[in-house]
Amino acid sequence: MKINADFSKFATVHTIGQEWIASPMPGVDRKPLDRVGAEVARATSIVRYAPQSHFSPHTHSGGEEFVVLDGVFQDENGDYPIGSYVRNPPQSRHKPGSQEGCVIFVKLWQFQPDDRQHVNIQMDNAQITFADTTNSIVERLLFADQHEQVKHITLSKDTQWQSDATNGNEILVLSGSVLHDQIQLNTHDWLRVPIGQKLQLQASSEGATIWIKTGNLPDIDNQLNRVEDLN
C-alpha cells in the first residue's frame, strides 16, 4: 500500500474530512497520512481507540513515536494523557489500549535501528529552547539527535514563523490554525515539506500550536528498505 509515498513532493492531509478506516483490532480505527508497506509499513497515521479497546501485546521492531491528541492512551507502563509525546524505540514491547478512549498521532518504522532512547514527556513542560521578547513564539525541544529534531511550537495570533531546515520538515497542527503557501491548516491537519524546500507559516487570529519534525527525510530510503525486507 502506498499513500503520499512520493517523498520528493509536498503532502497535505486535512484530517477532519477523512473517513476512519478499521484496523485489524476491533475498536481501533485509523486515518492514514502517509504509508509505504503492507501489514508492516513505514506509516504516519491518526489512530482512534474506542473506550475499552486495545491491541494485543506486540514488539515495535522499527520503533513507534506518538502524540496523544485526545483522551488517555495506556499500556502496562502507565497512562499517557493528552499532550504526551512518547518515543518507544526499536525492540520495545507493550500492550496499548485505552479505557476511556483516545486519539493519537503515530509514526511507525521511522527510527534509526540502533536507537534505544525512550521518551515520555508532556509537551507543555518540555525545555524552552527559544522565546522571543513578547513570547509570541515559544519553541520547546522534545527530542534531538544527529539525525532529527522534534519540537513543540506555540505561535500567538498572526505570528509568522519559518523553519530554516532544508532537509525535510513535517508538521501536525495541535490547536488553532496556520497558513502555509496560502493553504490553511487547521487542528490535526498534517503537512510534509520535501528536502530542499522551506516551511513558512503564519498563525491565524486565534494563534496555533504545532508539532514539528525536521531532518528525518534524508534517511527515507533506509527506512523503506528495512520495511521492504519484512514484507
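Two strands pair if DSSP finds at least two bridges between them. Keep that in mind, because this talk leans on pairing. And one caution: the model is a predicted one.

Let's start with strand 15. It covers residues 127–131, and four bridges join it to strand 16. The two run antiparallel. Take one bridge as an example: Ile128 has Arg140 as its partner in strand 16. Between these two strands sits a hairpin with five residues in the turn. One of them, Asn135, takes a positive phi near 60 degrees.

Now strand 16 itself. Six of its eight residues are buried, so this strand is mostly covered. On from there, a hairpin of four residues joins strand 16 to strand 17. Strand 16 and strand 17 are antiparallel, over seven bridges. I'll give two of the partnerships. Phe143 is matched with Val150 in strand 17. Glu139 is matched with Ile153, also in strand 17.

Is strand 17 enclosed or open? Strand 17 spans residues 149–155, and five of its seven residues are buried, so it is largely enclosed by the rest of the structure.

Next, strand 22. It runs over residues 199–214. It is mostly covered, with 12 of its 16 residues buried. Which strands pair with it? Strand 17 does, antiparallel, through seven bridges. Here Thr154 stands opposite Thr209, and His152 stands opposite Trp211. Strand 18, residues 160–163, also pairs with strand 22 in the antiparallel sense, over four bridges. There, Ser163 faces Leu199. Then comes strand 19, joined to strand 22 by nine bridges, antiparallel again. In that pairing Leu172 stands opposite Trp211. So Trp211 has His152 opposite it in one pairing and Leu172 opposite it in another.That brings us to the cores. In soluble globular proteins, nonpolar side chains tend to be buried together. In this model, the largest nonpolar core has 19 residues. The residues with the most contacts inside that core are Val67, Leu69, Tyr85, Phe105 and Trp211. Trp211 is the residue we just met in strand 22. Which elements give two or more residues to this core? They are strand 2 (11–13), strand 8 (64–75), strand 13 (102–108), strand 16 (137–144) and strand 19 (169–180). There is also a second, separate core, with 16 residues. Its members include Ile153, Val178, Val193 and Ala208. Ile153 has come up already, as the bridge partner of Glu139.

One residue deserves a stop: Leu185. It lies in strand 20, residues 183–185. Is Leu185 buried or exposed? Its relative accessibility is 1%, so Leu185 counts as buried. What does Leu185 touch? Leaving aside residues up to four places away in sequence, its contacts are Thr12, His14, Ile171, Val173, Gly176, Ser177, Val178, His180, Trp190 and Leu191. Val178, on that list, belongs to the second core. For a sense of distance, take Val40: Leu185 and Val40 are 145 residues apart in sequence. In space, their C-alpha atoms are 29 Å apart.

On to the empty space. Rolling a probe the size of a water molecule over the atoms shows where empty space is left. The largest pocket has a volume of about 580 Å³. It is lined by 26 residues, and the closest to its centre are Arg30, Glu39, His58, His60 and Leu108. Strand 4 (28–37), strand 5 (41–49), strand 7 (58–60) and strand 13 each give two or more residues to that lining. Strand 5 supplies the largest share, six residues. What is the character of the lining? It divides into 14 nonpolar, eight polar and four charged residues.

The second largest pocket holds about 200 Å³ of space. Its lining has 13 residues. Nearest its centre lie Ile82, Gly83, Met123, His152 and Leu174. His152 is familiar: it stands opposite Trp211 in strand 22. Strand 8 and strand 19 each supply at least two residues of this lining. The largest share, three residues, comes from strand 8. By type, the lining splits into six nonpolar, six polar and one charged.

To close, back to the strands. Strand 22 pairs with strand 17, with strand 18 and with strand 19. Strand 16 pairs with strand 17 and is joined to strand 15 by four bridges.

Note on methods
Residues numbered from 1 in each chain as written. Predicted model: local features only at pLDDT ≥ 70, side-chain atom pairs only at ≥ 80, totals over all residues. Heavy atoms only, no water. Buried < 20%, exposed > 50% of the residue type's maximum accessible area, 1.4 Å probe, protein only. Contact = heavy atoms within 4.5 Å. Core = buried A, V, L, I, M, F, W, Y, C linked by side-chain atoms within 4.5 Å. 1 Å grid on protein atoms, 1.4 Å probe; cavity = no way out; pocket = protein on both sides within 12 Å on 5 of 7 lines; lining within 4 Å. Points joined across faces, edges and corners; volume = space filled by probe spheres on them. Nonpolar A, V, L, I, M, F, W, Y, C, P; charged D, E, K, R; others polar.
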